[in-house]
Amino acid sequence: MAVYSPEDAKVIIKVQSGTDSGGKPILKTISFSKCINTVTADKVSAFSAAVAPLVEYTVRATYLQRMDSVEAA
């Protein structure tokens with residue numbers, strides 16, 4: 001049976017930098033890599049809330065992206 005082995009994680013924050021000529025939002029991505037891959041959703045949310053006032057644009061979404069290796073057990 002194969003198992004996952006945690007390797008890395010990063011927090012991705014999407015911000016809206018404006019709108020295009022059609023009124024659709026223009027989104028940009030800010031990434032913070034080398035995060036602890038066992039971080040909780042509450043801590044990711046708190047991190048995003050702490051970073052939001054430091055960012056020039058409005059935060060629209062926050063994601064946690066994990067990378068695990070798959071190993072045979």
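**A helix on a three-stranded sheet**

Reader: Leaving out residues up to four places away in sequence, which residues does Ser-48 touch?
Author: Contact means that heavy atoms come within 4.5 Å. With residues up to four places away in sequence not counted, Ser-48 touches Ile-13, Val-59 and Thr-62.

Reader: And what kind of model is this?
Author: Residues are numbered from 1 along each chain as its sequence is written, and side-chain values use heavy atoms, with hydrogens and water left out. Local features need pLDDT of at least 70, side-chain atom pairs count only at pLDDT 80 or more, totals for chains, interfaces and linings use all residues, and the model itself is predicted.

Reader: Okay, back to Ser-48: is it buried or exposed?
Author: Buried means under 20% relative accessible area, exposed means over 50%, and partly exposed is in between (1.4 Å probe, protein chains only). Ser-48 has a relative accessibility of 7%, so Ser-48 counts as buried.

Reader: Where is the place of Ser-48?
Author: Helices (H or I, at least four residues) and strands (E, at least two) are DSSP runs, numbered from the N terminus. By that naming, Ser-48 sits in helix α1.

Reader: Which residues of α1 are the buried ones?
Author: The helix spans residues 41-51. Going down the list, its buried residues are Val-44, Ser-48 and Val-51.

Reader: Why do we say the buried residues of α1 line one face of the helix?
Author: Picture yourself looking down the axis of α1. The arc is taken from the directions that run from the helix axis to the C-beta atoms. The buried residues line one face because they fall within an arc of 70 degrees.

Reader: Which exposed residues are on the face of α1 turned away from its buried side?
Author: Walk around the helix, away from the buried side. The exposed residues carried there are Asp-42, Lys-43 and Ala-49.

Reader: What covers the buried residues of α1?
Author: Three strands are part of the cover. Included are β1 (2-19), β2 (25-32) and β3 (58-72).

Reader: In what order do the strands of the open sheet come?
Author: Two strands pair if DSSP finds at least two bridges between them. Here 3 strands form an open sheet with antiparallel pairing. β2 and β3 stand at the edges with a single partner strand each, so one side of each has no neighbour in the sheet. Read across, the order is β2-β1-β3.

Reader: About how many degrees does the direction of α1 make with that of β1?
Author: Axes are lines fitted to C-alpha atoms (for helices, over the stretch in contact), and angles run from 0 to 180 degrees between N-to-C directions. The helix α1 packs on the sheet and touches β1, β2 and β3. Its direction and that of β1 make about 30 degrees.

Reader: Over how many bridges do β1 and β2 pair?
Author: These two strands form a hairpin with 5 residues between them, and Gly-23 in the turn has a positive phi of about 90 degrees. One facing couple is Ile-13 opposite Ile-30 in β2. The antiparallel pairing of β1 and β2 runs over 8 bridges.

Reader: Which element gives the largest share of the largest nonpolar core?
Author: A nonpolar core is a set of buried Ala, Val, Leu, Ile, Met, Phe, Trp, Tyr and Cys residues joined through side-chain atoms within 4.5 Å. In soluble globular proteins, nonpolar side chains tend to be buried together. The largest core here has 7 residues: Val-11, Ile-13, Val-15, Val-39, Val-44, Val-51 and Val-55. Two or more residues each come from β1 and α1, and the largest share, 3 residues, comes from β1.

Reader: What do we call the pair made by the rings of Phe-32 and Phe-47?
Author: Rings of Phe, Tyr and Trp (its six-membered ring) pair if their centres lie within 6.5 Å; planes under 30 degrees apart are stacked, over 60 edge-to-face, and the rest tilted. This is the 1 aromatic pair in the structure. Phe-32 in strand β2 and Phe-47 in helix α1 are 15 residues apart. Their ring centres are 5.0 Å apart and their planes are at 85 degrees, so the pair is edge-to-face.

Reader: Last one: how exposed is Lys-34?
Author: Lys-34 is found in the loop between β2 and α1. Although Lys-34 is not a glycine, it has a positive phi of about 65 degrees. Lys-34 is exposed, and its relative accessible area is 69%.
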